[in-house]
Structures are given as C-alpha cells and as structure tokens.
Amino acid sequence: MPTLVNFALRERVVARAGSCCEYCLIHQDDVPEAHEIDHLIARKHGGQTVAENLTLACLPCNRAKGADLTTLDPQTQTLVPLFNPRVQIWRDHFALVDAQIIGLTAIGRATVALLRFNAPVRVDNRRWLIEKKRYPPTR
Ligand SMILES: [Zn+2]
C-alpha cells in the first residue's frame, strides 16, 4: 500500500535515490506511475516512518515486495532477507546482463525472484531504455 509521508520526508527520500527505484533502478521519468515510498520494515512489523527505514520503489517492485522482509533464495531454498538499499550496495548483489538483472548473492537472487525484476515486459522496457542510454542510472 502506498505510504503517506510528509512532503519534506518524501523529497528527501526521492533526492537520496536520485529519483530511481532503489530495487530495479528505473528512473521515475521512465515509468507511467509515480514511484512510491516503501517502508523497508513494514509498519505492520513495527517499522517507523523515518528516512532510515524508507526507500523509493517503483510500482511493480513495491507491489511485489509488499510487507515482506525475507523470501527463499531460489537456488538454495533457504530463507534470506530481501535487499536493503539503506545498508547494502546494489552492485554487490546484482548485475545487469543483457537487460536482465541477475542476483549475485542469495539476497540478490531472492530479491530478483520476489520482485519479478525479469518479468518479460520489464526486461523489454529495460532493453529499450538501455538503447536510449537512460538505463542504468549513472551516479
Ligand atoms: Zn523497481
């Protein structure tokens, strides 16, 4: 569910993320729906509405994540935490290979699967953005 946060906090989260989804890295300008503020630890699990617990997420990532904190690594079937952009580095866990996002670690693989990074239309869109040099973000 979209999170209501005050404008100042939203602006801080958006600026920190460079207006990109912190999971799949797609830029706000390249999707039709507004990116959402996601609670890393969902409110239902006691997560607070503070910058350290918030991330910017595109609609497909945020819908797929929901209130989840963990999921199964598809390779080992062990329960692992989802990628946390506040404490982890994207390139440590993911790599872009021909418009697909590949998980490099258990956390990466689990997050790729749960958030459906490589759904066909998302890969198609990513490939198109790569051709236009609008993906991945450079910063
Ligand atoms: Zn995303």
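What arrangement do the four donor atoms make around the zinc ion? The points below take up that question and then move through the rest of this structure, which is a predicted model.

1. The zinc site. The protein donors of the zinc ion are the SG atoms of C21, C24, C58 and C61, and they lie 2.3 to 2.4 Å from the ion. The arrangement of the four donor atoms is tetrahedral, because the angles they subtend around the zinc ion are 102 to 116°. Along the sequence, the donor residues follow the spacing C-x2-C-x33-C-x2-C. C24 belongs to the loop between α1 (7–16) and β1 (36–39), while C61 belongs to helix α2 (residues 59–65), so this pair ties together parts that are 37 residues apart in sequence.

2. How covered the zinc donors are. A residue counts as buried when its relative accessible area is under 20%, and each donor can be checked against that cut-off in turn. C21 is buried, with a relative accessible area of 0%, and C61 is buried with a value of 0% as well. C58 counts as buried at 3% relative accessibility, and C24 counts as buried at 4%.

3. Disulfides. A student who sees cysteines may wonder about bonds between them, and the general idea is simple: a disulfide is a covalent bond between the sulfur atoms of two cysteines. How many disulfides does a search of the whole structure find? The search finds zero.

4. The loop between α1 and β1. Besides C24, this loop holds L25, which is buried with a relative accessible area of 17%. Leaving out residues up to four places away in sequence, L25 touches C20, W90, Y135 and P137. By contrast with those contacts, L25 and I41 are 16 residues apart in sequence but 20 Å apart in space, taken from C-alpha to C-alpha. The loop between α1 and β1 also contains S19, whose phi is positive, about 65°, although S19 is not a glycine. S19 is partly exposed, with a relative accessible area of 22%.

5. Helix α5. This helix covers residues 120–131, twelve residues in number, and it reaches 17 Å from its first C-alpha to its last, which is close to the 16 Å expected at 1.5 Å a residue. Which residues of α5 are buried? They are R122, V123, R126 and L129, and since they cover an arc of only 125° around the axis, they sit on the same side of α5. On the other side of the helix, P120, V121 and E131 are exposed. The cover over the buried residues of α5 includes α2, β5 (94–97) and β6 (100–103).

6. What follows α5. The helix is followed by K133, which has a positive phi near 60°. In the segment after α5 one also finds P136, and the peptide bond from Y135 to P136 is cis, with omega near -5°. Y135 has already appeared in this note, as one of the residues that L25 touches.

7. Helix α4. This helix, residues 106–114, is mostly covered, with seven of its nine residues buried. Those buried in α4 are I107, G108, R109, A110, T111, V112 and L114. They pack against α2, β3, β4 (79–81), α3 (90–93), β5 and β6. Just after α4 comes R116, which takes a positive phi of about 50°.

8. T71 and its surroundings. T71 lies in strand β3 (residues 70–72), and at 15% relative accessibility this residue counts as buried. If neighbours within four places in sequence are left aside, T71 is in contact with T78, L79, V80, L82, A110 and L114. T71 and L114 are 43 residues apart in sequence, yet their C-alpha atoms are 7.1 Å apart in space. A110 and L114 are among the buried residues of α4, and β3 is one of the elements against which the buried residues of that helix pack.

9. The turn at D98. Is D98, in the loop between β5 and β6, buried or exposed? D98 is exposed, with a relative accessible area of 59%. Its phi is near 50°, a positive value in a residue other than glycine.

How values were computed. Residues are numbered from 1 along each chain as its sequence is written. This is a predicted model: local features need pLDDT of at least 70, side-chain atom pairs count only at pLDDT 80 or more; totals for chains, interfaces and linings use all residues. Side-chain values use heavy atoms; hydrogens and water are left out. Donors are N, O and S atoms within 2.8 Å of the metal (3.2 Å for Na, K and Ca); water is not among the atoms, so sites may look incomplete. Four donors count as tetrahedral if all angles lie between 85 and 135 degrees; four count as square planar and six as octahedral if opposite donors are over 155 degrees apart and all others between 65 and 115; anything else is irregular. Helices (H or I, at least four residues) and strands (E, at least two) are DSSP runs, numbered from the N terminus. Buried means under 20% relative accessible area, exposed over 50%, partly exposed in between (1.4 Å probe, protein chains only). A disulfide is a pair of cysteine sulfur atoms within 2.5 Å. The expected span of a helix is 1.5 Å times one less than its number of residues. The arc is that of the directions from the helix axis to the C-beta atoms. Contact means heavy atoms within 4.5 Å.
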